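Visitor: Could you show me around this one, please?

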Amino acid sequence: MPNMFATKLLRLKDTAATVASEIAPFASEVDSEAAWPARSMAALSKAGLMGLQVPEQLGGHGQGLLALAVLTETLGKACPSSALCFGMHCVGTAVIAAKATSYQSENYLSKIARGEHITTLALSESGTGANFYLSETLITLAAGQFLVNGTKQFVTNGGRADSYVISALSPDSGEIGDLSCLIVDSDTAGVEWLEPWHGFGMRGNSSRGMRLTDARVPLTNLLGDTGDQIWYVFEVIAPYFLMAMAGSYLGIAQSALEAVGEHLRTRRYSHTGDSLRHIEQLQMKYADMWRSIEKTRQLLYAAGERGDRGDPDALPFILSCKADAAETAVAVTNEAMTICGGIAYRENSRVSQMLRDARAGHVMSPTTDMLKIWTGRSLLGLPLL
Ligand SMILES: Cc1cc2nc3c(=O)[nH]c(=O)nc-3n(C[C@H](O)[C@H](O)[C@H](O)COP(=O)(O)OP(=O)(O)OC[C@H]3O[C@@H](n4cnc5c(N)ncnc54)[C@H](O)[C@@H]3O)c2cc1C
């Protein structure tokens with residue numbers, strides 16, 4: 001499998017691994033204090049990784065789906081909240097890059113490549129919930145600007161990013177599905193941050209509601225054309241989001257496997273003198289965990305690689321890899337809780353944090369249930385929606 005990585009991706013993976021080792025010691029603090037991982041984002045910026053999805057001619061790395069999966073996996077092993085925050089920044093970047101004007105390239109992408117700008121996605125709304133591609137936020141045209149009104153929920157990097165990629169009903173349209181994407185700068189008048197939402201897991205993602213009241217957004221911040229949002233959702237947002245999330249959840253599963261391996265090797269009974277690794281049933285469970293993680297990794301890398309080369313059969317791979325990674329992460333971390341015994345069940349133990357973080361994989365939209373339906377529909381030649 002590593003042969004499928006180009007030299008550049010291997011270098012980026014090594015750089016991410018160095019960052020991962022720097023941020024790992026702070027992962028439990030990020031979790032216990034529900035603290036946005038500023039240190040991780042600064043380290044990623046210093047390492048030159050924030051422009052992963054920015055075209056090379058603008059100073060970025062010009063990478064695609066596979067690289068995003070590999071880097072979020074690497075970071076997810078060390079600090080899942082950091083992987084999530086970085087992943088959402090990368091998805092937002094890919095959305096801006098997909099049809100960037102020269103203004104957007106200069107004002108957003110070049111800054112992102114220099115590590116001077118964090119962006120993120122703000123799509124979800126309470127009215128439409130998991131149907132993240134539907135928005136009830138309104139845009140009207142007034143005095144040569146967009147006026148935006150609506151409320152987004154669960155915005156990762158909320159209040160921390162420099163810009164937010166939002167979706168809204170196209171100006172003066174009102175027709176369901178006629179949606180547009182805009183970049184909203186953090187200092188836009190009319191943007192208000194609601195109380196931070198404290199999650200069961202992924203507690204450092206600074207998830208917040210974002211209320212927009214007559215928020216004035218320049219016309220230059222429209223992404224693509226009005227009505228383009230469904231194109232963005234299925235051509236850019238879903239593929240990049242699914243890679244970033246599947247990578248993060250695979251990283252969590254890998255880290256749980258490593259914790260189990262360490263426990264099996266080091267936990268020794270005084271009455272036998274043997275470590276747990278000599279118990280056959282535990283050997284079998286460990287093999288099962290390893291096997292499910294490897295299968296998830298193969299599916300994810302195949303999805304990224306096929307997506308990057310434009311394989312016409314890539315869709316079911318891309319749609320199923322995040323559902324698969326979420327299932328693997330939840331199953332493996334749950335089993336790790338049993339195998340690591342009482343030490344894992346301690347309040348806020350490392351393994352219990354992994355289980356809590358893993359659970360978010362099922363509900364982040366497209367959710368596991370939706371992705372299974374979409375995968376089936378794509379295999380049966382039906383439209384996704
Ligand atoms: C940690 C975290 C970070 C997030 N970050 C962001 C972010 O950065 N930006 C953003 O825009 N959003 C973000 N979200 C929001 C997320 O993507 C979902 O939109 C949100 O979790 C949906 O929540 P809900 O309670 O409204 O779900 P509901 O809509 O109430 O759905 C509940 C359940 O019903 C199921 N369901 C609904 N419709 C169907 C269907 N047709 N078929 C099968 N099952 C269905 C869903 O799968 C889900 O399991 C984040 C969420 C979490 C938990």
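Here are a few questions and answers about the domains, the ligand and the core.

Guide: Before we start, this is a predicted model, where local features need pLDDT of at least 70, side-chain atom pairs count only at pLDDT 80 or more, and totals for chains, interfaces and linings use all residues. Residues are numbered from 1 along each chain as its sequence is written.

Visitor: How many residues of domain 2 and of domain 3 does their contact take?

Guide: Going by an automatic or database domain assignment, the chain splits into domain 1 (2-118), domain 2 (121-227) and domain 3 (230-379). Counting contacts as C-beta atoms, placed from the backbone, within 7 Å, the contact takes 14 residues from domain 2 and 13 residues from domain 3.

Visitor: Between which domains does the ligand lie, and why?

Guide: A residue joins the shell if its C-beta atom, placed from the backbone, lies within 6 Å of the ligand. There are 24 such residues, with Ser124, Gly129, Phe154, Thr156 and Thr367 the closest. Both domains give residues to that shell, so the ligand lies between domain 2 (121-227) and domain 3 (230-379).

Visitor: Which residues touch the most other members of the largest nonpolar core?

Guide: Such a core is a set of buried Ala, Val, Leu, Ile, Met, Phe, Trp, Tyr and Cys residues joined through C-beta atoms within 7 Å; buried means 20 or more other C-beta atoms within 10 Å of a residue's own, again placed from the backbone. Tyr240, for one, touches Leu65, Leu68, Cys90, Val91 and Ala94, leaving out residues up to four places away in sequence. Of the 119 residues in this core, the ones touching the most other members are Leu182 and Tyr240.

Terms used:
Buried ≥ 20, exposed ≤ 12 C-beta atoms within 10 Å, placed from the backbone. Contact = placed C-beta atoms within 7 Å.
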